[in-house]
Amino acid sequence: VIIESGWDIGLHTGYYSYDQVEKVIEEKQRLENVIGKQILGCRNHYLRFNTPTTWELLARAGFEYDTTFGYPDAVGFRNGTCWPFKPYDLNNSSQIDIMEIPLNIMDGTLFGYMNLDLHQAKEKTMKLIEVVRELHGVLTVLWHNSIFSWPYRRQWAEFYE
């Protein structure tokens, strides 16, 4: 239903594979075999990331875009912008062939790492939405679907809705 509705399916890498191209390729191929479609996007588990190595690895694995580049413990603009970008590798003086769509807001960040209440979370979120709106940018939100079935995380689901 997801694919037929025009949505993209991306790979959520395993905890230990984010820095191992062979493992990422294996995970990507397994998912592609299941859904019968090429996987273009990726996000690494726990936002595990090494700059610029992770981008280079994901590009070699055949991904067109990544959505990992964000803070696990703060909301906002890790790279200082609200637009997707092609990363530049200063070590090799070259652009990396992958599009980064930076992560700006994650449920676990608002209510876990930052320990905000609903009012504080809404305030922070609305400020980010307004900045992105003013700049005609892109706001990337990571909301874990499992929270919708966890009674003790009902507030997270209500906030999302």
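**Entry 1: the Y113 patch**

In which helix is Y113 found? I looked it up in the model, which is a predicted one. Y113 sits in helix α3, residues 107-113. I then checked the surface there. Y113 joins Y15, Y16 and Y46 in making a nonpolar surface patch. I noted its area as about 520 Å².

**Entry 2: D107**

I stayed with helix α3, because I wanted its charged residue D107. Is D107 buried or exposed? D107 is buried. I looked for a salt bridge and found that D107 has none. R153 is the nearest side chain of opposite charge, and it is 6.5 Å away. A salt bridge needs the nitrogen and oxygen within 4 Å. I also listed what D107 touches, leaving out residues up to four places away in sequence. The list is G112, L142, W143, H144, I147 and W156.

**Entry 3: salt bridges, and the pair in α1**

How many salt bridges are there? I wrote down five. I began with E32 and K28. Their closest N and O atoms are 2.7 Å apart. Where do E32 and K28 lie? Both are in helix α1, residues 21-35. They are four residues apart, about one turn of the helix.

Next I checked how covered each partner is. E32 has a relative accessible area of 17%, so it is buried. K28 has 6%, so K28 is buried too. The cut-off for buried is under 20%.

I then asked what K28 touches, not counting residues up to four places away in sequence. K28 touches L11, Q38, I39, A61, G62 and F63.

**Entry 4: E27, beside K28**

E27 is also in helix α1. Its relative accessibility is 18%, and so E27 counts as buried. What is E27 in contact with, leaving aside neighbours within four places in sequence? I found L11, T13, G14 and S17. L11 is in contact with E27, and K28 touches L11 as well. I looked at S17 again. S17 and E27 are ten residues apart in sequence. Their C-alpha atoms are 8.7 Å apart in space.

**Entry 5: D97 and K86**

I moved on to another salt bridge. The side chains of D97 and K86 meet at 3.1 Å, N to O. Which parts does this pair tie together? D97 lies in the loop between β5 (94-95) and β6 (99-100). K86 lies in the loop between β3 (65-66) and β4 (88-89). The pair therefore ties together parts that are eleven residues apart in sequence.

I compared the cover on each partner. D97 is exposed, with a relative accessible area of 59%. K86 is partly exposed, at 34% relative accessibility.

**Entry 6: the R154 network**

R154 forms a salt bridge with E161, and the closest N and O atoms are 3.6 Å apart. Which residues are linked in a network of salt bridges? I found R154, E158 and E161. R154 has a relative accessible area of 35%, so it is partly exposed. E161 reaches 64% relative accessibility, so E161 counts as exposed.

**Entry 7: Q155**

I looked up Q155 next. Q155 is in helix α5, residues 154-160. Its relative accessible area is 48%, so Q155 is partly exposed. How far apart are Q155 and D117? In sequence they are 38 residues apart. In space they are 9.2 Å apart, C-alpha to C-alpha.

**Entry 8: the nonpolar cores**

I finished inside the protein. Which residues touch the most other members of the largest nonpolar core? V24, W55, L58, F63 and I98 do. This core has 15 residues. Helices α1 and α2 (53-60) each supply at least two residues of this core. Helix α2 gives the most, with three residues.

I checked the surroundings of L58. Leaving aside neighbours within four places in sequence, L58 is in contact with V24, C42, N44, F63, D66 and I98. F63 has turned up before, since it is on the list of residues that K28 touches.

There is also a second, separate core of twelve residues. Its members include V75, I105, L128 and W143. I had met W143 already: D107 touches W143.

How values were computed: Residues are numbered from 1 along each chain as its sequence is written. This is a predicted model: local features need pLDDT of at least 70, side-chain atom pairs count only at pLDDT 80 or more; totals for chains, interfaces and linings use all residues. Side-chain values use heavy atoms; hydrogens and water are left out. Buried means under 20% relative accessible area, exposed over 50%, partly exposed in between (1.4 Å probe, protein chains only). Contact means heavy atoms within 4.5 Å. Patches are made of residues with over 30% relative accessible area and no salt bridge: like charges are joined within 9 Å, nonpolar side chains (Val, Leu, Ile, Met, Phe, Trp, Tyr) within 5 Å. Accessible areas come from the Shrake-Rupley method with a 1.4 Å probe; for residues, only the protein chains shown count as cover. A nonpolar core is a set of buried Ala, Val, Leu, Ile, Met, Phe, Trp, Tyr and Cys residues joined through side-chain atoms within 4.5 Å.
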